[in-house]
Amino acid sequence: MQLPVRSQLLLLLLLRASGLRAGERSSSAMEEIATEKEAEESHRQDSVSLLTFILLLTLTILTIWLFKHRRVRFLHETGLAMIYGLIVGVILRYGSPSSSGHDKPFSCSQEDRPFTTLLVNVSGKFFEYTLKGEISPGKIHNVEQNDMLRKVTFDPEVFFNILLPPIIFHAGYSLKKRHFFRNLGSILAYAFLGTAVSCFIIGNLMYGVVKLMKLVGQLSDKFYYTDCLLFGAVISATDPVTVLAIFNELHADVDLYALLFGESVLNDAVAIILSSSIVAYQPTGENTHAFDAAAFFKSVGVFLGIFSGSFMMGAVTGVVTALVTKFTKLHCFPLLETALFFLMSWSTFLLAEACGFTGVVAVLFCGITQAHYTYNNLSVESRSRTKQLFEVLHFLAENFIFSYMGLALFTFQKHIFSPIFIIGAFIAIFLGRAAHIYPLSFFLNLGRRHKISWNFQHMMMFSGLRGAMAFALAIRDTATYSHQMMFSTTLLIVFFTVWIIGGGTTPMLSWLNIRVGVDPDQDPPPSNDSFQVLQGDGPDSERGNRTKQESAWLFRLWYSFDHNYLKPILTHSGPPLTTTLPSCCGLLARCLTTPQVYDNQEQLREEDSDFILNDGDLTLTYGDTTITANGSSGSRTATTSLDGRKTKSSSEEALEHDLGMGDNEVTSRGTRLVFPLEDNA
């Protein structure tokens with residue numbers, strides 16, 4: 001039976017429609033399968049990229065062990081990490097195949113600015129794309145098509161929010177405070193004034209180099225004076241990790257170690273705030289890069305505001321953590337105690353960044369505050385855990401950054417290497433470091449009893465390595481031509497200083513005749529004639545008197561208040577507040593004084609830090625009450641000793657104990673030995 005023509009046409013249309021729907025379903029299914037395969041491949045590449053860095057760190061650790069076993073000192077672990085990173089970078093760049101590219105440029109001539117997120121309509125389906133950065137017109141067809149190289153290129157925020165906090169916190173938490181505070185004035189001068197001098201000298205010299213590049217036709221884009229100052233701030237961040245590690249192994253002079261370590265700790269904070277202040281410099285005229293006095297003073301205000309705000313935020317977080325650990329029973333649960341300590345410390349960095357301050361400064365002073373107060377409230381297990389935890393995180397994060405530096409030399413897509421700029425940068429850094437060290441040392445020696453000798457100054461000049469902080473600051477912004485050139489140059493400078501200068505540390509120590517074999521954590525051993533030393537006729541007494549006299553006067557003024565009030569409020573150590581606060585505050589004093597202050601038999605003192613301490617091993621006097629080592633108290637009716645000399649005040653006595661200067665007592669195995677001293681007057 002033959003269907004009418006009309007029915008045949010209708011059936012044909014139905015069959016075609018069903019076929020189209022079946023084709024669409026098949027096409028949709030194929031697209032879903034392709035999408036799933038792409039997601040699976042992306043996940044696999046993510047795993048491979050992370051595995052690459054883990055293998056790099058593993059190889060670095062094994063090689064470090066071999067170097068330590070063979071006592072090899074010409075190359076530090078950070079230099080090893082960079083070498084391995086270079087090797088892997090070469091393999092990834094030239095050994096891995098490129099992926100099939102599907103990048104196609106689209107024109108959006110109607111828009112005058114880029115969008116952070118872009119929604120693209122492809123055949124009725126919307127896809128989301130995120131902004132990765134600007135590509136110069138000359139490199140539009142050279143966009144990286146190797147997916148693996150894209151995966152190993154990290155977001156700069158990873159360095160700031162994940163890798164930098166443990167490095168900076170560990171620097172503050174492990175600070176050796178005895179020699180640090182003995183040289184506090186000099187350290188502050190080098191870190192603040194010296195870094196500012198270095199920044200402006202390098203910036204101005206590099207501006208001359210940029211003018212020379214423009215004159216000879218080697219400058220293909222804009223490079224402003226503020227860019228040169230920014231480069232000066234970035235490259236002024238020193239990181240003598242190699243030198244300090246060798247100092248530790250050889251036990252170099254403690255004062256030289258303290259000067260270098262203290263400068264590097266505070267120098268990073270100053271460099272990052274200087275860079276923020278330079279970025280904030282915005283003149284109001286048509287030429288936004290000309291000098292403007294109002295904009296300059298505004299930048300100075302930004303510097304002071306950011307530093308003071310970050311300092312307060314770090315200190316307050318440390319104080320809050322100390323109060324929580326003091327007035328709760330967290331010490332009964334060491335795991336919870338360690339977790340809270342870790343989270344509070346890390347959140348300091350993120351909180352400061354979220355509030356517009358600098359996390360580096362905040363987490364540094366948080367670490368110092370935690371070491372001085374919170375550490376005393378932790379259980380024995382938590383003290384060990386926190387020290388080891390941040391030491392391991394510091395080690396891994398630092399070596400990860402240096403491995404990535406080696407990798408970035410081949411994986412970073414926006415390198416701009418200019419021989420004139422690179423040579424000029426090395427010369428400017430040398431001159432800036434010289435102007436930083438020698439004039440400041442001359443003026444500091446005018447007021448120091450223990451002078452900074454010429455060989456110390458030469459060693460400090462030689463030890464101005466650049467490292468993780470300079471790299472992190474440079475890679476944070478590589479959007480413009482000038483910043484890309486600055487990043488590439490910074491990378492080469494870090495390579496040179498870590499490999500060449502770091503490797504020459506041991507020969508330089510020998511050539512400058514700097515003494516080694518001195519334990520930076522301990523004072524020189526006392527002489528055999530202990531009675532004579534205690535009389536003040538021996539070298540230890542002279543050293544103790546020098547330490548007391550050279551401790552920064554500002555610190556000595558603060559110490560009395562801290563010892564009598566802050567330590568008892570925030571920790572279980574120090575004198576009871578009932579003996580230091582006025583009688584009208586008796587109720588408040590009893591509320592803030594915990595029973596551990598009276599009956600704690602444990603000596604709350606960190607094994608390798610001189611200012612994380614408890615005064616349980618002291619016999620201190622407050623008014624008419626004497627607090628002994630076992631927590632008992634008694635009345636004191638006289639303020640002079642049997643030979644007629646006046647005794648020292650409690651804060652002076654405790655300060656001398658903290659600084660390791662007690663010259664009238666020797667404590668051995670819990671026994672307090674008092675030698676009768678003659679009056680030589």
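Which helix holds Phe200? Phe200 lies in helix H6, which spans residues 184–215. This is a predicted model.

**The nonpolar patch**

Phe200 is one member of a nonpolar patch on the surface. Its partners there are Phe296, Phe297, Val300 and Leu304. The patch covers about 470 Å². Helix H10, residues 293–327, gives the largest share, with four residues. Phe200 itself counts as partly exposed, because its relative accessibility is 36%.

**Salt bridges**

The model has six salt bridges. Three of them are set out here.

| Pair | Closest N to O distance |
|---|---|
| Arg182 and Asp255 | 2.9 Å |
| Arg433 and Glu263 | 2.9 Å |
| Arg476 and Glu353 | 3.7 Å |

Take the bridge between Arg182 and Asp255. Arg182 sits in helix H5 and Asp255 in helix H9, so the pair ties together parts that are 73 residues apart in sequence. Both Arg182 and Asp255 are buried.

Next comes the bridge between Arg433 and Glu263. This pair links distant parts of the chain, 170 residues apart. Arg433 is in helix H14, residues 419–447, while Glu263 is in helix H9. Arg433 is buried, and Glu263 is buried too.

The third pair is Arg476 and Glu353. Arg476 lies in the loop between helix H16 (468–475) and helix H17 (481–503), and Glu353 lies in helix H11 (residues 334–354), so the bridge ties together parts 123 residues apart in sequence. Are these two side chains buried or partly exposed? Arg476 is partly exposed, with a relative accessible area of 34%. Glu353 also counts as partly exposed, at 23% relative accessibility. The cut-off for buried is under 20%. Arg476 and Glu353 also belong to a network of salt bridges that includes Glu157.

**The second largest cavity**

The model contains two cavities of 30 Å³ or more. The second largest has a volume of about 70 Å³. Ten residues line this cavity. Lys176, His179, Phe180, Tyr257 and Ala258 lie nearest its centre.

Which helices each supply at least two residues of this lining? They are helix H5 (177–182) and helix H9 (254–279). H9 gives the most, with five residues. By class, the lining has seven nonpolar, two polar and one charged residues.

Helices H5 and H9 thus appear twice in this account. They contribute to the lining of the second largest cavity, and they carry Arg182 and Asp255 respectively.

Terms used. Residues numbered from 1 in each chain as written. Predicted model: local features only at pLDDT ≥ 70, side-chain atom pairs only at ≥ 80, totals over all residues. Heavy atoms only, no water. 1 Å grid on protein atoms, 1.4 Å probe; cavity = no way out; pocket = protein on both sides within 12 Å on 5 of 7 lines; lining within 4 Å. Points joined across faces, edges and corners; volume = space filled by probe spheres on them. Nonpolar A, V, L, I, M, F, W, Y, C, P; charged D, E, K, R; others polar. Patch = residues over 30% accessible without salt bridge, like charges linked within 9 Å, V, L, I, M, F, W, Y side chains within 5 Å. Areas by Shrake-Rupley, 256 points an atom, 1.4 Å probe, with all protein chains shown as cover. Salt bridge = Lys/Arg side-chain N within 4 Å of Asp/Glu carboxyl O. Buried < 20%, exposed > 50% of the residue type's maximum accessible area, 1.4 Å probe, protein only.
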